[in-house]
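Colleague: I've got a fold open and I'd like to learn how to read its surface and its interior. Can you walk me through it?

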Amino acid sequence: MAGEPQDDCLFCKIIAGHVPATIVQETDTTIAFRDINPQAPTHVLVIPKAHYENAAVLAAAEPTLAADVLREAQSVADEEKLDSYRVVFNTGAGAGQTVFHAHAHVLGGRGLQWPPG
């Protein structure tokens, strides 16, 4: 069920403390941790503690929680002292989403080219 922890979800396991992660920030509704395969000097994932398959589903079901994720992305960028950065939501396998729990990638610390990918 949407919003409920999923037994087979890596990010739900991180939230529950069953899988280790390098946590950089945590609020009542979100958790931010370093990506295990960083694509930039700063690569932090910001996730809602409630399980939603992707950013679109999250925004439709819980717009306030989606806003919390974006607010925490900004907070991560501030803490990491990034003057410019990118926030990426991959939605669907074809876009590179590999963990089907909504999450924002905060990338920075080097020049980021456009177009991505």
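Colleague: Let's start with V87: does it count as buried, exposed or partly exposed?

Modeller: Keep in mind that this is a predicted model. V87 has 32% relative accessibility, so it counts as partly exposed. You'll find V87 in strand 4, residues 85–88. Together with L70 and F89, V87 makes up a nonpolar patch on the surface, with about 220 Å² of accessible area between them.

Colleague: And the interior? Which residues of the largest nonpolar core touch the most other members?

Modeller: The general idea is that nonpolar side chains tend to be buried together in soluble globular proteins. Here the largest nonpolar core has 16 residues, and V46, L58, V76 and V106 touch the most other members. Strand 3 (42–48), helix 3 (63–79) and strand 5 (104–108) each supply at least two residues of this core. Helix 3 gives the most, with 6 residues.

Colleague: What does L58 touch, leaving out residues up to four places away in sequence?

Modeller: L58 touches P48, Y52, P63, L65, A66, V69 and A102. Apart from that core lies another, of 9 residues, including C9, C12, I14 and L45.

Colleague: Two cysteines in there! Why is there no bond between C9 and C12?

Modeller: A disulfide calls for sulfur atoms within 2.5 Å. The C12 sulfur is 3.7 Å from its closest cysteine sulfur, in C9, so that is too far for a bond. A search of the whole structure finds 0 disulfides. As for cover, C9 is buried at 5% relative accessible area, and C12 is buried at 9%.

Notes: Residues are numbered from 1 along each chain as its sequence is written. This is a predicted model: local features need pLDDT of at least 70, side-chain atom pairs count only at pLDDT 80 or more; totals for chains, interfaces and linings use all residues. Side-chain values use heavy atoms; hydrogens and water are left out. A nonpolar core is a set of buried Ala, Val, Leu, Ile, Met, Phe, Trp, Tyr and Cys residues joined through side-chain atoms within 4.5 Å. Buried means under 20% relative accessible area, exposed over 50%, partly exposed in between (1.4 Å probe, protein chains only). Helices (H or I, at least four residues) and strands (E, at least two) are DSSP runs, numbered from the N terminus. Contact means heavy atoms within 4.5 Å. Patches are made of residues with over 30% relative accessible area and no salt bridge: like charges are joined within 9 Å, nonpolar side chains (Val, Leu, Ile, Met, Phe, Trp, Tyr) within 5 Å. Accessible areas come from the Shrake-Rupley method with a 1.4 Å probe; for residues, only the protein chains shown count as cover. A salt bridge is a side-chain nitrogen of Lys or Arg within 4 Å of a carboxyl oxygen of Asp or Glu.
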